Amino acid sequence: MDKGSNMDTSTDSGSSTVLRIEGMTCASCVARVEKALQKVPGVRAATVNLATEKASVHGGADLAALVAAVRDAGYEAAEASHAPVPQEPGRALPSWWPVAAALLSIPLVAPMLAQVVGVDWMLPGWLQLALATPVQFWLGARFYRAGWKALRAGSGNMDLLVAIGTSAAYGLSLYLLLAHPGGAHGAPHLYFESAAVVITLVLLGKWLESRAKRQALAAIGALEALRSNDALVRRAGGDLRIPLAELRVGDLMVVRPGERVPADGLVEEGRSHLDESLLTGESLPVAKGPSQQVAGGAVNADGLLLVRATAVGAQTMLSQIIRMVEDAQAVKAPIQRLVDRVSAVFVPAVLLVSLVTLLGWGLATGDWQAALLNAVAVQVIACPCALGLATPASIMVGTGAAARHGILIKDAEALERAHALDVVVFDKTGTLTEGKPQLVALEGIDPPRLLQLAASVQQASTHPLAQAVLDAARERGLALMPAADARALPGRGMQAEVDGTTVWLGNARLMQEQGAPLGELAARAAAHEEQGRTVSWLALQGPGGIEVAGLLAFGDTLKPGAAAAVARLQGMGIASVMLTGDSEGAARAVAAQTGITRFHAGVLPGDKARVVGDLIAAGSRVAMVGDGINDAPALAAADVGIAMASGTDVAMQTAGITLMRGDPGLVADAVTISQRTYAKIRQNLGWAFVYNVVGIPLAAFGFLNPVLAGAAMALSSVSVVANALLLRGWRPQESPKLASSTNGASAPIQQGALHMYELTVEDMSCGHCVGRVTKAVQGIDGDAKVSIDLPTKRVRIDSDADLNEIAAAIDAAGYPVSARA
């Protein structure tokens, strides 16, 4: 949709519109807004989230028609991108309202509390009326407004229940006061305190709930805070600071120490360490130098960088992460459908139970005052708020906690399915291994000619093996020859015309299909494969047919923590399976190193999806973990697709979960946060259902007065959100950082004896301060890595020096250390 056009505000059939909805208070409101939106012509689907107060509408409906439909249902709506700067949920309730209501209600409830200690007194009736009236009709006016809108729309909600219940108690009290105007002596008991205290408790509950919801949305706020407001760019030899909205692809950004990178780009000059912890979950700063990619939002720790912008605005990785988290929080989990069905009939059913309670007590006992109070208690205690918040609050906090640690969950369905996995299928290259193979052996009659031909065939390819061949050719100074009619042979290799000869380069399957005998080299290939190396064959069109000219052997490095990740999954009762297009020997070596007992070698891209489908057909709940275009069909076929962000965009778009670091250990972490979140959803729904199932009968049979019912209702909503907020404390398990080489490729050397310190340092205010603190630390340990976040005053230090020495050096530089960990 063209967001800036006033002429055409309709959307095409494949687009979606996000609306900000105001005025919703409970699950019944959600059901009514969804129903109204789904009636608009062109709408294919509409989902409303009570926790985020947003509606996602899919289809080709006109924006004005959507807004009108929501308003007709009794709520306010605006397109999210056009709405004012987002305010916190609960913005319609000023924080002083519960305080004012409490101050007016305390004198009303004080006599009832005094009776507990044997003091029998009562405020004059007219004073009770004076105290209760502003609570009922001023502070409680919001319930009347929202309830009236619900009635006009032909439905009900929590506000209607509160308005009817408290009005009944207030009206009964007013009638008794007017019928017995003689004063306190001999006057009947009035129930102004019930109406006032119920409204006070409900207002307090909504205020606490809105505070909890603000905390639940903190993940989005933390990501939004990573965005810079401006960018320093180098133009015409000078540095110019411009608003971020004016930054364009191709601009040369100047990133000083302590500043955030304004947008995604490639480093052209300079070296530094960048803190990408909020983007990837990686706690240690990452070294960056020329030709390396940097992400917008990362904090530059120590050096000056010149970065060429490659993506700006909505196209940056940070914007895409925020969009994915928002989408995940807006989409409903399948378990929520049961709640929606219950909510659709909840308010009418409560009103019916309340009427039956009134008539039953009145006709059975003749005490219509007690009957009315019991009916009021039924209406007050029956609150659909807890039902409406149980699922979205848990999803909102769970996906936010996962995002802070580098796990992006695209939708609630993936979150719900991941908790019950029993098989995880790993692609080998780039997932369990580094995906950066090196050419380790050339075997043939003429190795230099073999390498030159292989590099010429693959000079336009981006495949990791092709890059390894091209790197080897450049190191040896070999000139590449033109390649004509080059074409990829999926799952097999490549074919091209080089120097007047047809050249085939690929796996043993390709040689077999072309009828090229492997000859004596077959034994050498088997020896390489036994070491876990990948073997490619090069064949030429000769006078007597296709002949094998030689082989190329590639070594790759097993990712640090790959074996530990498989062991963790096994400990969780989840089996691991490996798929690869490599030979059986290479697959067996990696499987042995990682502890995987079941693997499939020589698998074509289409066959990966078939293997996943077979596992699902056998009754398993399957996740597929991959990073390449060839993994996309399998990612889509799995119950849960998990993509490495280090891979291709196609893989990430297909997957339901994206891991922002290439650490296989995050797979188990993703399952763990899914299990924790799903457990919270079940706990919250169980509490909400039990609360209503138990509370309504107790109120109907006279065991709860309206005051206790109001307190219980307020507690229910707050407890549901508070329980969901416990997910904020979730942390992924630390992965072991030991690297293991499987096949001769150079393995990274991991330094030992390093410690990670986190300090809170006062009085830092600019990039100059960051530089001084960094210099002070590196004066103690020249190899220390320092990451500083100015807004939070947090300093992360990776060093083998003593913490006390480091803190003393920072203090000596003029920056007091106020806390250390």
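**Helix packing, buried positions and unusual backbone angles**

The axes of helix H4 (residues 125-139) and helix H5 (residues 141-152) approach to within 4 Å and cross at roughly 40°. Axes here are lines fitted to C-alpha atoms, for helices over the stretch in contact, with angles running from 0 to 180 degrees between N-to-C directions. H4 and H5 are therefore oblique to each other; on this scale, angles under 35 degrees count as roughly parallel, over 145 as roughly antiparallel, 65 to 115 as roughly perpendicular, and the rest as oblique. On the H4 side the contact is made by Gln136, Phe137, Trp138 and Leu139, and on the H5 side by Ala141, Arg142 and Tyr144. Contact means heavy atoms within 4.5 Å.

A word on the model itself. It is a predicted one, in which local features need pLDDT of at least 70 and side-chain atom pairs count only at pLDDT 80 or more, while totals for chains, interfaces and linings use all residues. Residues are numbered from 1 along each chain as its sequence is written, and side-chain values use heavy atoms, with hydrogens and water left out.

As for the overall picture, the chain holds 28 helices and 32 strands. These are DSSP runs numbered from the N terminus, helices being H or I with at least four residues and strands E with at least two. Of the 821 residues, 53% count as buried, where buried means under 20% relative accessible area, exposed over 50%, and partly exposed in between (1.4 Å probe, protein chains only). The accessible surface comes to about 34,600 Å², and carbon and sulfur atoms own 57% of it; areas come from the Shrake-Rupley method with a 1.4 Å probe, and for residues only the protein chains shown count as cover. Among contacts with a separation of 6 or more, 69% are between residues 24 or more positions apart.

A second helix pair brings together H12 (residues 368-381) and H25, whose axes come within 8 Å and cross at roughly 170°. H12 and H25 are therefore roughly antiparallel to each other. From H12, the residues making the contact are Asn374, Ala377, Val378 and Ile381, and they meet Tyr691, Asn692, Gly695, Ile696, Ala699 and Ala700 of H25. Past the end of H12, in the loop leading to helix H13 (385-404), sits Ala382. With a relative accessible area of 1%, Ala382 is buried. Ala382 is also linked in space to Gly695: the two are 313 residues apart in sequence, yet their C-alpha atoms are 7.3 Å apart.

H25 (665-700) turns up again around helix H20, as one of the elements that the buried residues of H20 pack against. The others are strand E15 (423-427), helix H15 (428-432), strand E22 (557-558), strand E23 (575-579) and helix H21 (584-594). In H20 (residues 562-571), the buried set consists of Ala562, Ala565, Val566, Arg568 and Leu569. These cover an arc of only 160° around the axis, which puts them on the same side of H20; the arc is that of the directions from the helix axis to the C-beta atoms. Gln570 and Gly571, on the other side of H20, are exposed. After H20 comes Gly573, with a positive phi near 85°.

Two other single positions are buried. Leu465 belongs to helix H17 (residues 464-475) and, at 16% relative accessibility, counts as buried. Apart from neighbours within four places in sequence, Leu465 touches Pro437, Gln458, Thr534, Ser536 and Phe554. Leu465 and Leu552 lie 87 residues apart in sequence, with 9.9 Å between their C-alpha atoms. Asp781 sits in the loop between helix H27 (767-780) and strand E30 (785-789), and its 11% relative accessibility makes it count as buried. Again leaving out neighbours within four places, the contacts of Asp781 are Ser799, Asp800 and Ala801.

Finally, the backbone has a couple of oddities. Most residues other than glycine have a negative phi. Asp499, though not a glycine, has a positive phi of about 55°. Asp499 is in the loop between strand E18 (493-498) and strand E19 (501-506), and is exposed, with a relative accessible area of 52%. Asp763, likewise not a glycine, has a positive phi of about 70°. Asp763 lies in the loop between strand E29 (755-761) and H27, and is exposed, with a relative accessible area of 52%.
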